[in-house]
Amino acid sequence: MQIGSLNRTKSDMPHQPFLQPQFWDWVDAHLHDDPVRLRLSMPKNADIDVNAAILQIESRKRFGKKLSETLREFPRFYFPDLLSGEQSTSDLLAAYHASFFEPGDTVVDMTAGLGIDIRHIASKVDKITAIERKEKLCDALRYNLGGLNINNVTVVEGDSRELIKELHGDVVFVDPARRSADGSRVFGMKDSEPDVIELLPMLRSNFKRAIIKASPMIDISLTLNEMPGITDVYVLGTKTECKELDFIVDFNKEEINSVKIHAVTILTPDEISEFVFTREQENETPANKTTSRPVAGDNIYVPYPSTMKAAPVRLLSDMFGLNKFHNNTHLYFAPPSQEAKNFPGEALSIVDVIPWQSKNLKRFKTQYPNVSVTTRNFGMTAEELRKKLQVKEGGSERLRLFGVGLGNNHTDRLLIVAS
């Protein structure tokens, strides 16, 4: 069956409030109002679906930041429910996903959802078949794609596990649901819906490549063992959070010698930090045997969350010539003369190095009353350390405190203040 031949028409279309001009007039008039108060004062004889209109206002308040580009391009973008907004990819990440595709690719998206990935990928490829099993999401997707002037996407309603058997193309894109039937979170690939590992043999016969999104909590090594054919793993995140993993499977390659792992941090829409390595490179690098200790004036290097998840632990020390506090403490330091350019993380200047001693703890809050706290291999959480020192988060000086353990038994500890 050719891609695009499964598009369905309905003679009896469901209620579609987004097609009414007065619906959007009401949304615009109340855009800055409180959704809770709007529901309490909801008019009874309105000529629009007021519940759906309030949903648009609430969705913009909740998701306006992560979908700012889409909403700017199409202000009357329709949210069919809150869940689809919560589960949708951000514009920032979806724009990066588009780089996985080649011009001219024919694509099947098995889990279309709100369609933010589709919106960004569509400008790169030839055509997309977007599968979504919920009718209201399909209706919203067709409407939104029209509003965004995207005309190379065919929306198909149904169970992707069945429909995918009849489809062929260059790339299949899957973002499995990470919640079980009772609503609890799941992290394993086999526990997600659909089960991509179960579908893999069939996908291999129908497509050239597969791109599979996964939870940032998933075990990379386990997934590499469970899914043969993976050529690249992308660990995507921002400065503050690891957002997701993306596994690229090339069905045309019979043998994969080594898998490239990309630790990618999207700093701005135009600036990306990327550190690429293989597990073989990491395993072959000798462990860091630091004997020195940091002093005030040194630089402390903090890997971005995506770098931490990818775990090039030994390589970072070796490639950038950095000292490591401890094998279990993924923080690094070096004198300022030994600057680690292009390090995939933050570089801060050490203001103070304080041994873990009772006399130092008692006077800490006097000297540093406001400081952001992090602990590594320390024997207590950041919140526990904050309470013990009686300090407050933040402050105008934007100081950072790292509670760092130098040994395995948490007896040799340092408090490192940096800015």
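**View 1. Cys242 and the cysteine question.** Cys242 is buried, at a relative accessible area of 15%; buried here means under 20% relative accessible area, with exposed being over 50% and partly exposed in between (1.4 Å probe, protein chains only). Cys138 also counts as buried, because its relative accessibility is 0%. How many disulfides does a search of the whole structure find? Zero, taking a disulfide as a pair of cysteine sulfur atoms within 2.5 Å. Keep in mind that this is a predicted model, where local features need pLDDT of at least 70 and side-chain atom pairs count only at pLDDT 80 or more, while totals for chains, interfaces and linings use all residues. Residues are numbered from 1 along each chain as its sequence is written, and side-chain values use heavy atoms, leaving out hydrogens and water.

**View 2. The largest nonpolar core.** A nonpolar core is a set of buried Ala, Val, Leu, Ile, Met, Phe, Trp, Tyr and Cys residues joined through side-chain atoms within 4.5 Å. The largest one has 51 residues, and Phe101 and Val153 touch the most other members. Helix α3 (residues 50-63) chips in with six residues, the most of any contributor; helices (H or I, at least four residues) and strands (E, at least two) are DSSP runs, numbered from the N terminus. There's also a second, separate core of 47 residues, including Met110, Leu163, Met189 and Cys242.

**View 3. Around Val153.** Leaving aside residues up to four places away in sequence, Val153 touches Ile118, Ala122, Ile128, Ala130 and Leu145, where contact means heavy atoms within 4.5 Å.

**View 4. The nine-stranded sheet.** Here the strands line up as an open sheet with mixed pairing, in the order β3-β2-β1-β4-β5-β7-β6-β8-β9. Two strands pair if DSSP finds at least two bridges between them. At the edges sit β3 (153-157) and β9 (271-278), each pairing on one side only. From one strand to the next, the twist averages 20°. Helix α8 (residues 135-147) lies across β2 (127-132) and β3, at about 165° to β3; axes are lines fitted to C-alpha atoms, for helices over the stretch in contact, and angles run from 0 to 180 degrees between N-to-C directions.

**View 5. Zooming in on β6 and β8.** Strands β6 (residues 230-237) and β8 (residues 260-268) run parallel, joined by six bridges. Opposite Asp232 stands Lys260 in β8.

**View 6. The β11-β12 hairpin.** A hairpin links β11 to β12 through two residues. These strands, β11 (residues 323-326) and β12 (residues 329-334), run antiparallel with three bridges between them. Which residue in β12 is the bridge partner of His326? That's Thr329.
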